[in-house]
Amino acid sequence: MTNIVLIALDTQRADHLGCYGYHRDTSPNLDALAATGVVFERCYAPNIPTHPSFTTLFSGKEAISHDIVNIGGGVPIADGVRLLPEILSDAGYVTAAVDNMNRHFSRGFEHYHNYQWDRSDPTVLRKAETVTDLALPAIEEVINDPRPFFLFLHYWDPHTPYLPPPGYEDLYTDSERDPYDQDNHSMDEAWTWEPFKWYFHDWMPGVTDAEHVVSLYDGEIRYMDSYLAKVFAALEPVHDDTIVVITADHGEVLNEQLGYFDHHGLYEGNVHIPLIMSWPGKLPAGRRVPGMVQNLDVSQTLLDLVGIPQVQGMEGVSLLPSIYGVRERNYETVYFSEATWQVKRAVRTDRWKLIRAIEPDPHGRPMKELFDLAADPGEQVNLAEARPDVVAELEALLDAWLEKRLAETGRKSDPVADQGACATSIGKPKPDDVVGAGAVPLRERTGRAASIPDPSELNSGR
């Protein structure tokens, strides 16, 4: 009897965890778990943001197959696509989730526990605490069931708003820096981007120091990590019989790209996600897989590990050969898509990434961006005009892959282009408020805390 626990850390960049080399001690409990299992150093989410990525994770199919290309919900999941909890339920598993996405994500779960945030304090949103308060009784429930179990836990740290509780909100801040210093202009672009500025104003009014906001993001991770320790402790009685998987739906652009503190843009900060698998005595402890894999591969791998044949036509590649050292990667090339705030596709090789817009970029970026990831891992220098030969080579790869996928799925056109963007703005204007430098700080305000945006709110500008 083998149990599976899949823990998703919404908006978690891989490179802000200690086990991925981060310089801050943000994740001691996750790092300890990682040391007992396998760390995939370059795992990618090919379809972002949240709903496309989780659908890819659960179905083992890429977005052209499952049809969820954005978070708007205008198009349902494709007919015939079955999800991991449905497959495991049919195989005799008790299935439980602590989650609030609903939609098709509740399919296959015998127990689906929703949560809501306590927003009574405007300076704090206790996300990890809320999830864990439901997770601990859910763990007890499935452990006491005689059947093997599949448990999905969806943590929303460190998604915006970054409002970690006392003890974490200033854990990484520099006491000698004033986050409201009006001579600091590192947040100027964030405060002048109309679609997001009122949302930012809800949870970090007046902040001028972008590094302070990054510190809040890291504080969210450390806060979440402290609650994950409680989950790991609760799983100790079934430690030897349980596969634990840690991953994310996407990362976050912080202050290194336009689109500050959100997850649009097919840049490494958004698409490079953690993937950790631990199963003591069965999976090799301390194994690090250096080559490219995708979250597309996870469901296929889990079914392989528990011995359930999949007949769903999954498109991912099992990670078992990489886990046991037969190969170092599943892919030489990875293809990406997004269609929420902006509509783009991308292709990445070991060295190069080409991002190609289908619709004009809302930040005014060029329709094609080329990055030499070996020389420029932060993707700061667009070489599209300087290296047309590389652009042509990568476009040929992208076009051939797209043509092949459309043929395989019987489509005549790209669903990313067909569905297009579904988000225009977030946050309600407050005409009498100062926005940006000089605004009244959050600690001096009253009312309710800002919340994680609901997808239905993202069209508020239309």
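This tour visits two helix pairs and two pockets.

The model is predicted: local features need pLDDT of at least 70, side-chain atom pairs count only at pLDDT 80 or more, and totals for chains, interfaces and linings use all residues. Residues are numbered from 1 along each chain as its sequence is written, and side-chain values use heavy atoms, leaving out hydrogens and water.

**Stop 1: α5 and α8**

Select residues 127–143, helix α5, and residues 210–234, helix α8. Helices here are DSSP runs (H or I, at least four residues), numbered from the N terminus. The two pack at an angle of about 15°, with their axes 10 Å apart. Axes are lines fitted to C-alpha atoms over the stretch in contact, and angles run from 0 to 180 degrees between N-to-C directions. α5 and α8 are therefore roughly parallel (angles under 35 degrees).

Now show the side of α5 that makes the contact (heavy atoms within 4.5 Å). Pick K127, A128, E129, T132, A135, L136, I139 and I143. From α8, add E220, Y223, M224, Y227, K230, V231 and A234. This contact has 10 nonpolar residues, one polar and four charged. Ala, Val, Leu, Ile, Met, Phe, Trp, Tyr, Cys and Pro count as nonpolar; Asp, Glu, Lys and Arg as charged; the others, Gly among them, as polar.

**Stop 2: α1 and α8**

Keep α8 and add α1, residues 28–35. This pair packs at about 50°, with axes 7 Å apart. α1 and α8 are therefore oblique (neither under 35, over 145, nor 65 to 115 degrees). Select P28, N29, L30 and L33 in α1; they meet R222, D225, S226, L228, A229 and F232 in α8. Six of the contact residues are nonpolar, two polar and two charged.

**Stop 3: the largest pocket**

Go to S451, I452, P453, D454 and E457. Of the 41 lining residues, these are the closest to the centre of the largest pocket. A pocket is an open set of points on a 1 Å grid over the protein atoms alone, where a 1.4 Å probe fits, with protein on both sides within 12 Å along at least five of seven lines; lining residues have an atom within 4 Å of a point. About 1,100 Å³ of space lies here, the volume being the space filled by probe spheres set on points joined across faces, edges and corners. Helix α7 gives the most to the lining, four residues.

**Stop 4: the second largest pocket**

Select E169, Y180, H212, L216 and R443, which lie nearest the centre of the second largest pocket. Its volume is about 540 Å³. α8 returns here, giving the most to the lining with four residues.
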